[in-house]
Amino acid sequence: MEISKLSTFVVLMVLAMAHSLLAQNLPKDIVLSHNNARAQVGVPLVPLKWNKTLAAYAYQYASTRLADCTLVHSYSPYGENLAMGYDDFSAVKAVNLWVGEKPNYDYASNSCKEDMCGHYTQVIWKNTYEVGCERLKCDNGEARFVSCNYYPLGNYIGEKPY
């Protein structure tokens with residue numbers, strides 16, 4: 001009887017972990033992580049919404065990067081953030097990575113202090129209303145490539161993000 005309980009427990013734990021990993025790649029969770037960062041600085045009145053066209057573009061472009069898994073921008077008409085990570089690297093973890101650039105952004109001078117902050121400013125850009133992302137496994141079987149696209153795009157020189 002004890003083995004049966006242990007087996008049930010193990011199965012439930014595996015399912016819970018799988019659900020947790022999947023949830024971090026669902027549109028609602030990706031949008032929520034963006035909107036939480038935007039709310040921290042008072043942006044916007046209208047929260048970001050998921051856009052299937054942007055997600056399809058993210059999928060198409062990410063598919064072209066899987067062989068080398070390098071973070072090369074597509075130079076599309078959309079705003080774009082790219083990230084790569086290993087193991088359980090999710091789209092939400094990618095958003096958190098970009099939001100982690102927040103300390104590098106100086107609002108008063110509207111510039112990055114020392115390190116990169118452009119991913120962060122795209123996440124919180126006040127005139128961006130839609131986002132679509134994709135997370136794919138690289139051909140090496142280990143890395144995950146995350147692409148998020150934004151409309152309208154942000155990071156206009158001389159304009160503050162909020």
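This is a short walk through one protein chain, from its overall layout to its core, its pockets and a few local details.

Let me begin by saying that what we are looking at is a predicted model, and that the values I mention are computed from it. The protein chain holds five helices and six strands, and if you follow these elements from the N terminus on, they run α-α-β-α-β-α-β-β-α-β-β. The chain has 162 residues, and 40% of them count as buried.

I would like to start with helix H2, which covers residues 27-40. With 14 residues at 1.5 Å a residue, H2 should span 20 Å, and since its end C-alpha atoms are indeed 20 Å apart, the expected and the modelled values agree. Several residues of H2 are buried, and these are Asp 29, Ile 30, Val 31, Ser 33, His 34, Asn 35, Ala 37 and Arg 38. Just after the helix comes Gly 42, which takes a positive phi of about 80 degrees.

From H2 we can move to the largest nonpolar core, which has 24 residues, and in which Trp 98, Val 123, Val 131, Val 146 and Cys 148 touch the most other members. Which elements give two or more residues to this core? They are H2, helix H4 (91-99), H5, strand E5 (130-137) and strand E6 (143-151), and among these contributions the largest share, six residues, comes from H4.

Let me turn now to the pockets. The largest pocket has a volume of about 230 Å³, and of the 15 residues that line it, His 73, Gly 79, Glu 80, Asn 81 and Asn 155 lie nearest its centre. Strand E2 (79-86) and helix H5 (118-124) each supply at least two residues of that lining. If we sort the lining of the largest pocket by class, we find four nonpolar residues, 10 polar ones and one charged one.

The second largest pocket contains about 150 Å³ of space. It is lined by 14 residues, and the closest to its centre are Asn 110, Thr 121, Asn 155, Tyr 156 and Glu 159. Here the elements that give two or more residues to the lining are strand E4 (111-112) and H5. By class, the lining of the second largest pocket has seven nonpolar, six polar and one charged residues.

You may have noticed Asn 155 in what I just said, as it was named for the largest pocket and again for the second largest pocket. Asn 155 sits in the segment after E6, and it counts as partly exposed because its relative accessible area is 36%. Its backbone also deserves a remark, which needs a little background: most residues other than glycine have a negative phi, and most peptide bonds are trans. Asn 155, although it is not a glycine, has a positive phi of about 60 degrees.

Tyr 75 is another residue other than glycine with a positive phi, in this case near 55 degrees. This tyrosine is found in the loop between helix H3 (52-64) and E2. Is Tyr 75 buried or exposed? With a relative accessible area of 74%, Tyr 75 is exposed.

Coming back to the segment after E6, we also find Pro 152 there. The peptide bond that joins Tyr 151 and Pro 152 is cis, with omega at about -20 degrees.

My last topic is charge pairing, and as a reminder, side chains of opposite charge can pair when their charged atoms come close. How many salt bridges does the count come to? The count comes to two salt bridges, and I will take them one at a time. In one, Arg 65 pairs with Asp 68, and the closest N and O atoms are 2.8 Å apart. Arg 65 counts as buried because its relative accessibility is 15%, which is under the cut-off of 20%, whereas Asp 68, at 42%, counts as partly exposed.

In the other, Lys 93 forms a salt bridge with Asp 88, where the closest N and O atoms are 3.0 Å apart. Lys 93 is partly exposed, with a relative accessible area of 32%, and Asp 88 is partly exposed as well, with a value of 35%.

Conventions: Residues are numbered from 1 along each chain as its sequence is written. This is a predicted model: local features need pLDDT of at least 70, side-chain atom pairs count only at pLDDT 80 or more; totals for chains, interfaces and linings use all residues. Side-chain values use heavy atoms; hydrogens and water are left out. A salt bridge is a side-chain nitrogen of Lys or Arg within 4 Å of a carboxyl oxygen of Asp or Glu. Buried means under 20% relative accessible area, exposed over 50%, partly exposed in between (1.4 Å probe, protein chains only). On a 1 Å grid over the protein atoms alone, a cavity is a set of points where a 1.4 Å probe fits but cannot get out, and a pocket is an open set with protein on both sides within 12 Å along at least five of seven lines; lining residues have an atom within 4 Å of a point. Grid points are joined across faces, edges and corners, and a volume is the space filled by probe spheres set on the points. Helices (H or I, at least four residues) and strands (E, at least two) are DSSP runs, numbered from the N terminus. Ala, Val, Leu, Ile, Met, Phe, Trp, Tyr, Cys and Pro count as nonpolar, Asp, Glu, Lys and Arg as charged, and the others, Gly among them, as polar. The expected span of a helix is 1.5 Å times one less than its number of residues. A nonpolar core is a set of buried Ala, Val, Leu, Ile, Met, Phe, Trp, Tyr and Cys residues joined through side-chain atoms within 4.5 Å.
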